[in-house]
Amino acid sequence: MLSTFLPVLLLRSLIAGLAFSLVVACAAEPLANALPAKVPSLALASQELTQVEEAESEPPMSFDEWLADFRVQALQSGIRPDVFDRAFAGVTPDPSVVTADRSQPEFTRPVWQYLESALSADRVRNGQRLLRQNTELFDQLEARYGVDRGALVAIWGLESSFGQIIGDKSVIRSLATLAHEGRRPEFARAQLLAALDILQHGDVQPERMRGSWAGAMGQTQFIPTTYNSHGVDFDGDGRRDIWDTPADALASAAHYLQQSGWKLGRPWGFEVMLPEDFDYSLADAEVRKPIGEWRRLGLAGIPAGDEQAVASLLLPAGYRGPAFLVLDNFRTILRYNNSSAYALAIGLLSERFDGGGQVQASWPRGEQPLSRSERLELQERLVRQGFDPGAPDGIIGANTRKAIRGYQQGLGWPADGHPTQELLGRLRAEP
Ligand code: CA
């Protein structure tokens, strides 16, 4: 509910060149130049909003005018008039959706706090219980889609608290509001047409088509286009029901992960220890090396396995915090939700179900993440020092990280590309 970003839960299939987005808003913070990541997972939503952007100029037409216009388009695209009119019966714009769409979270939770919430004892216990109670279903899902049950249940747990929190807003109303006066009306209109398609197909009744303010739906928090491309009727009752049928929801998520390259039985990654004087500039999503090569670079804690498997080094809290080697399945999780903190939470949670998933190294708990204004200031000050972090947008993407590394290298600091208060303080001291 509280992200500045539209809910593109699976536009990520279009995201080219995944890199790791390390900033944790509730969950997803998109990469620079990437399409927006999905909205924060509902089960984790708790973000303080301190800054609401100025309302933009009034939309060029009233909602009713927009609706009449959109109805023509929808019918031209094949939506039946009765389906359209039933879906839109009594629909008015939702002001809370407009507010959410125009809000920017100022403060960001540190990654360790995010993980504490994601890996709460309750979530672990509930996941273990559901795994125990549904062994036959998970056997079938693993056989059919080749996706490990632990990862599926972890995603289920983070997206909707295992189906308990699926969002209470009318998807049609939210998307209509966003198509009329949202910040990305074209995107919202495409989702709205996809939502009407779903209704026309008879998968769900309009009253039950509920989701987040941004239109992420059901237990998997799929946006409508993702639903249409990956939704599955696993129990065979003729409806792809990701709202009230866990088997359909889990199969839909599994289908998506399968199509995104999941490999059954392969690790998502593991925690490692770095040697003294390590070159931290190697901790970059774009630096991918076979495990054996990381081993030769002095990384310790690598379990026995495929030495040829390619991995990247992830430092979620910079060089002072834990280090992880992450593999292809981690990248597949990023396609579900393009946030490395989210993917890390999924990986660790899937292991907690089996009693593992503890992070050994300590987090730099004394460090306070930069606020949005501080991230903007950091980017502006990097520009003044001759670096190119991209257009200042408050998002620490690949370009900003590269600029930070450059500045750190000039100072002789560990070049981990991680934004800190210390770094900002040093930049402020520049002439
Ligand atoms: Ca079904």
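1. G269 sits in β5 and has V326 of β8 as its bridge partner. This is a predicted model, in which local features need pLDDT of at least 70, side-chain atom pairs count only at pLDDT 80 or more, and totals for chains, interfaces and linings use all residues. Residues are numbered from 1 along each chain as its sequence is written, and side-chain values use heavy atoms, with hydrogens and water left out. Strands (E, at least two residues) and helices (H or I, at least four) are DSSP runs, numbered from the N terminus.

2. β5 and β8 (residues 323-326) run antiparallel and are joined by 4 bridges. Two strands count as paired if DSSP finds at least two bridges between them. The wider sheet is open, with 4 strands in the order β5-β8-β7-β6 and antiparallel pairing. Its edge strands are β5 (269-272) and β6 (289-290), each of which pairs on one side only. In general, strands of a sheet pair through backbone hydrogen bonds.

3. At the other edge, β6 pairs with β7 (residues 310-314) in the antiparallel sense, over 2 bridges. P290 stands opposite V310 of β7.

4. Which way do the residues of β5 point? G269 and E271 point one way, F270 and V272 the other. All are buried, meaning under 20% relative accessible area (exposed is over 50%, partly exposed in between; 1.4 Å probe, protein chains only). Side chains in a regular strand alternate between the two faces of the sheet.

5. Now the cores. A nonpolar core is a set of buried Ala, Val, Leu, Ile, Met, Phe, Trp, Tyr and Cys residues joined through side-chain atoms within 4.5 Å. The largest has 86 residues; F88, L115, I172, L192, L196 and M209 touch the most other members. This core lies between domain 1 (37-104 + 168-211) and domain 2 (269-352), because both give residues to it. The domain bounds come from an automatic or database domain assignment.

6. Take L196 as an example. Leaving aside neighbours within four places in sequence, L196 is in contact (heavy atoms within 4.5 Å) with F70, A74, I79, V83, F84, A87, F88 and I172. Another core, of 17 residues, lies apart from the largest one; V272, F278, I302 and L327 are among its members.

7. Helix α11 (residues 246-259) has 14 residues, and its end C-alpha atoms are 20 Å apart. That agrees with the 20 Å expected at 1.5 Å a residue, where the span is 1.5 Å times one less than the number of residues. α11 is mostly covered, with 11 of its 14 residues buried. They include D248, H255 and Y256. The cover includes α6 (135-145), α7 (149-160), α10 (224-230) and α13. Just after α11, G261 takes a positive phi of about 105°.

8. N329 is in helix α13 (residues 328-336). Is N329 buried or exposed? It counts as buried, at 1% relative accessibility. Neighbours within four places aside, N329 is in contact with G261, W262, K263, R266, P267 and W268. A polar atom of the N329 side chain lies 2.9 Å from the backbone nitrogen of K263. The backbone oxygen of R266 lies 3.1 Å from a polar atom of that N329 side chain. N329 and G265 are 64 residues apart in sequence, yet 9.7 Å apart in space, C-alpha to C-alpha.

9. Last, Q104 in strand β2 (residues 103-105). Q104 counts as buried, at 8% relative accessibility. A polar contact of 3.5 Å joins the side chains of Q104 and R372. Such a contact is a pair of N or O atoms within 3.5 Å; within protein, one must be able to donate a hydrogen and the other to accept it, and residues adjacent in sequence count only if both atoms are side-chain atoms.
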